[in-house]
Amino acid sequence: MKLCYGALLPTAGHVRLFDRDVRTLTRDDVALLRRRVGVVHQDCQFLDHLPVSENIALPLHVSGRSAEAQGEDLGDLMHWVGLTERAAALPPELSGGERQRAALARAVIMSPDVVLADEPTGNVDWDMSQRLLRLLIELNRMGKTVLVATHDLSLIRATKAHVQARVLRIANRRIQLAGADL
Amino acid sequence: MKQLRAIIQRLIHSDAQADRVVPPSGFTAQLTLFAAGAMAFLAVFALAMSLAAGRLATQWAEELARSATIRIAAPAEQQQAQTDAALRILETTKGVAQARALSNEEQAALLAPWFGAELQLDALPVPRLIEVIETSEGMDAAGLRLRLAAEVPGAVLDDHSRWREPLVKAASRLRMLGWASILLIAAVTAAMVTLAANAALAANAQVVAVLRLVGATDDYIAHAFIRRFTLRALIGAAAGMVLGMIAVLFMPRGGDETASFLTGLGFQGAHWLMPLLIPPLAAAVAFAATRLAARRTLEGLS
């Protein structure tokens, strides 16, 4: 996953992001590229001294866009992930599920081309994992490419029940097309 | 120049959100303020010392360069004749503004510290002294020596160069030491700010990681730290400078010539404006030090 947003460079082979070889990217190129890729981690990190709403709007600010101008969109987004009531809370006050939803909102606020979710349901209960899954499926239906890394086979099965998802399995350090055996 | 103006504008114009991405940190803020304040305080004294030493060097060089002494060491019966001959030569010497033989009373006063006020000059083989004041163009000391050697065998010209040079050299060296101290103070300030900035960057590693993850450029992240440390250094240095100037202002004045170096340790005239350069310079040092520290740290991150 880290190869997909420039956090790691390949030691062998080639990785191309948006038609550019990652080895040729400067640090600023990587930063600009990350504005086109939303990332959700299992242990998503926030700026703990800022309220949730400001954390979600952070990508807008660092890219020079006015968070105020996008206030309505931010409100809609917070409503979409069910965090409207928690907008003023600080990240340490959130539950695991709320943190994951806040991370998802932050990942999509820039309307990225791709959303990467690395074990997004790793720290949440079943109900919350289903809720997150529905949000990811909605994103996919909105035309976004969603790449989810997970060990949770039930999550994969549930996803395939809703969308035409390609499943790739990494085994023995190689990517294999899995598909029907799941 | 345009780039400098852009940097200053960016430092001055507050971006509330950019300022908030880095949490207000504890000890690094106080460390920077204190270090900048203390260093500015010391810089004011180093500057005062350097300027005072410079003034002294110039003053000594000018005053001593304009005067010379001729010593007439001749048998008692020839002393007056040789003195008169020396004065005649001096009258026709180019570059001599004034020349006069010291009176017995003046010579006795010069010797009083060693022999007491009751000294009778007649009882001692004391040479006659002639004080020579030069014009601003100065005289040809070597030429005068030759003429005196030919016409006044007992005359010895002392143009003060033997003991003037070490004094002027010492004052010049002191001035250089003052400037070297200011450079050292700037270097220590840079080191302290670098330490504080590195500590702040390390303490905010998670903040930096989050900002990188959401697409912040190194410039954006570095600026959040740079602005903070630059302003702290500016404020701390301004406080230190004001305290330093107050301390210099209340230094004792006056005293005799012997104490003039210590009592003259201060600023004069337009030199009072020079310490005003210390806060902006401290801010510039902090800017460069934080920028370097931030760049180095950020380049090590993914």
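In β7 of chain A, A:Q176 sits opposite A:R169. That pair belongs to a short antiparallel ladder in this predicted model, where strand β6 (residues 168-171) of chain A is joined to strand β7 (residues 174-177) of chain A by four bridges. A:L168 faces A:L177 of β7(A) in the same way as partners across the ladder. The two strands make a hairpin with two residues between them, and A:N172, in the turn, shows a positive phi of about 50°. A word of caution goes with this hairpin: among the elements of chain A, β7(A) has the lowest mean pLDDT, at 76. At the other end of the scale, helix α2 (residues 52-56) of chain A has the highest, at 93. For chain A overall the mean pLDDT comes out at 85, with 93% of its residues at 70 or more.

Chain A also holds an open, three-stranded sheet, and here the pairing is parallel, in the order β3-β4-β5. Its edges are β3 (37-40) and β5 (145-149) of chain A, each of which pairs on one side only. On average, neighbouring strands of this sheet are turned by 15° against each other, leaving direction aside. Between β3(A) and strand β4 (residues 114-118) of chain A there are four bridges, with the two strands running parallel. One of the facing pairs puts A:V40 opposite A:A117 in β4(A). Helix α5 (residues 96-108) of chain A lies across β3 and β4 of chain A, and runs at about 170° to β3(A).

Over in chain B, the sheet to look at is an open one of four strands, ordered β2-β3-β1-β4 and paired in antiparallel fashion. The edge positions go to β2 (96-101) and β4 (155-158) of chain B, each pairing on one side only. Neighbours in this sheet are turned by 20° against each other on average, again with direction ignored. Strand β1 (residues 67-72) of chain B is tied to β4(B) by four bridges, and these two strands run antiparallel. Within that pairing, B:T69 stands across from B:D158 of β4(B). Helix α4 (residues 76-91) of chain B packs on the sheet and touches β1, β2, β3 (128-134) and β4 of chain B. The direction of α4(B) makes about 10° with that of β3(B).

The helix α4(B) has a helical partner as well. It packs with helix α6 (residues 141-151) of chain B at an angle of about 145°, the axes lying 11 Å apart, and the crossing is right-handed. From α4(B), the contact draws on B:A85, B:A86 and B:I89; from α6(B), it uses B:R147, B:L148 and B:E151. Sorted by class, this helix-helix contact has four nonpolar residues and two charged ones, with no polar residues.

Stepping back to chain B as a whole, the domain assignment gives domain 1 as 18-61 + 165-299 and domain 2 as 74-153. The centres of these two domains, taken over C-alpha atoms, are separated by 54 Å. The mean pLDDT of chain B is 85, and 92% of its residues reach 70 or more. Confidence in chain B bottoms out in helix α10 (residues 260-263) of chain B, at a mean of 61, and is highest in helix α9 (residues 218-249) of chain B, at 92.

Finally, there is the contact between the chains. Chain A puts in 20 residues and chain B 17 residues. On the chain A side, the elements giving two or more residues are α1 (27-34) and α3 (58-62) of chain A. The largest share of that side, five residues, is supplied by α1(A). By class, the side of chain A that touches chain B has eleven nonpolar residues, alongside four polar and five charged ones. As for the complex, the predictor gives an ipTM of 0.85 and a pTM of 0.72.

Methods. Residues numbered from 1 in each chain as written. Chains lettered and ligands numbered in written order. Predicted model: local features only at pLDDT ≥ 70, side-chain atom pairs only at ≥ 80, totals over all residues. Pairing = 2+ DSSP bridges. Axes fitted to C-alpha atoms, helices over the stretch in contact; angles between N-to-C directions. Contact = placed C-beta atoms within 7 Å. Left-handed = near helix turned anticlockwise from the far one by under 90°. Nonpolar A, V, L, I, M, F, W, Y, C, P; charged D, E, K, R; others polar. Domains from an automatic or database assignment. pLDDT = per-residue confidence, 0-100.
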